[in-house]
Amino acid sequence: MTHDRHDIDKLISTIALLRIDDVMRMTGLRSRDQVYRLVQRGELAQPVKIGKRASAWHTRDVIRFIETRQVDPLAHPARPSRAA
């Protein structure tokens, strides 16, 4: 049985789990508090418990979060730089 790259990516995105450091790296979030605040507000999916003191996020949920946070650069032009 052969699989193309799309099938493999789809499989990974539906079953892979990411620990909080991976979530922060993928999303650009800078702190654990920031991640959990977004979870509290319902902007980021709840993590799943994978152990007594360990949680992880489904890759698909993190990807969905990233896609919803993308900003159209034309809708929000960069601010002009300040003169020194």
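## Overall architecture

Helices (H or I, at least four residues) and strands (E, at least two) are taken as DSSP runs, numbered from the N terminus. On that basis the protein has four helices and three strands. Along the sequence they follow the pattern α-β-α-α-β-β-α. The model is predicted.

The protein has 84 residues, and 24% of them count as buried. It exposes about 7,100 Å². Carbon and sulfur atoms supply 52% of that area. Among contacts between residues at least 6 apart in sequence, 50% join residues at least 24 apart.

## Confidence

The average pLDDT of the protein is 83. A score of at least 70 is reached by 67% of the residues. Among the elements, helix α3 (residues 32-40) has the highest mean pLDDT, at 97. Helix α1 (residues 5-15) has the lowest, at 65. Where pLDDT is low, the predicted coordinates should not be read in detail.

## Helix α3

Which residues of α3 are buried? They are V35, L38 and V39. Seen down the axis of α3, the buried residues fall within an arc of 105°, so they line one face of the helix. The face turned away from this buried side carries the exposed residues D33 and Q40.

The buried residues of α3 pack against three elements: α2 (20-27), β3 (54-58) and α4 (59-69). After α3 comes G42, with a positive phi near 80°.

## The nonpolar core

In soluble globular proteins, nonpolar side chains tend to be buried together. Here the largest nonpolar core has twelve residues. They are L18, I20, V23, M24, L29, V35, L38, V39, L44, W57, V62 and F65. The elements that give two or more residues to this core are α2, α3 and α4.

Two core members show the local packing. L38 is found in helix α3. Its relative accessibility is 3%, and residues under 20% count as buried, so L38 is buried. Leaving aside residues up to four places away in sequence, L38 touches L29, E43, L44, F65 and R69. M24, with the same sequence neighbours left aside, touches L29, R30, S31, R32 and V35.

## W57 and the aromatic pair

W57 is found in strand β3. Its relative accessible area is 0%, so W57 is buried. W57 and L18 are 39 residues apart in sequence. In space they are 5.1 Å apart, C-alpha to C-alpha.

How many aromatic pairs does the structure hold? It holds one. Y36 and W57 form this pair, at 5.8 Å centre to centre. The angle between the planes is 50°, and the pair is tilted. Y36 lies in helix α3 and W57 in strand β3, so the pair ties together parts that are 21 residues apart in sequence.

Is Y36 buried, exposed or partly exposed? Buried means under 20% relative accessible area and exposed over 50%. Y36 has a relative accessible area of 38%, so it is partly exposed. The pair therefore joins a partly exposed ring-bearing residue, Y36, to a buried one, W57.

Methods
Residues numbered from 1 in each chain as written. Heavy atoms only, no water. Buried < 20%, exposed > 50% of the residue type's maximum accessible area, 1.4 Å probe, protein only. Contact = heavy atoms within 4.5 Å. Areas by Shrake-Rupley, 256 points an atom, 1.4 Å probe, with all protein chains shown as cover. pLDDT = per-residue confidence, 0-100. Arc of directions from axis to C-beta. Core = buried A, V, L, I, M, F, W, Y, C linked by side-chain atoms within 4.5 Å. Phe/Tyr/Trp six-rings, centres within 6.5 Å; stacked < 30°, edge-to-face > 60°.
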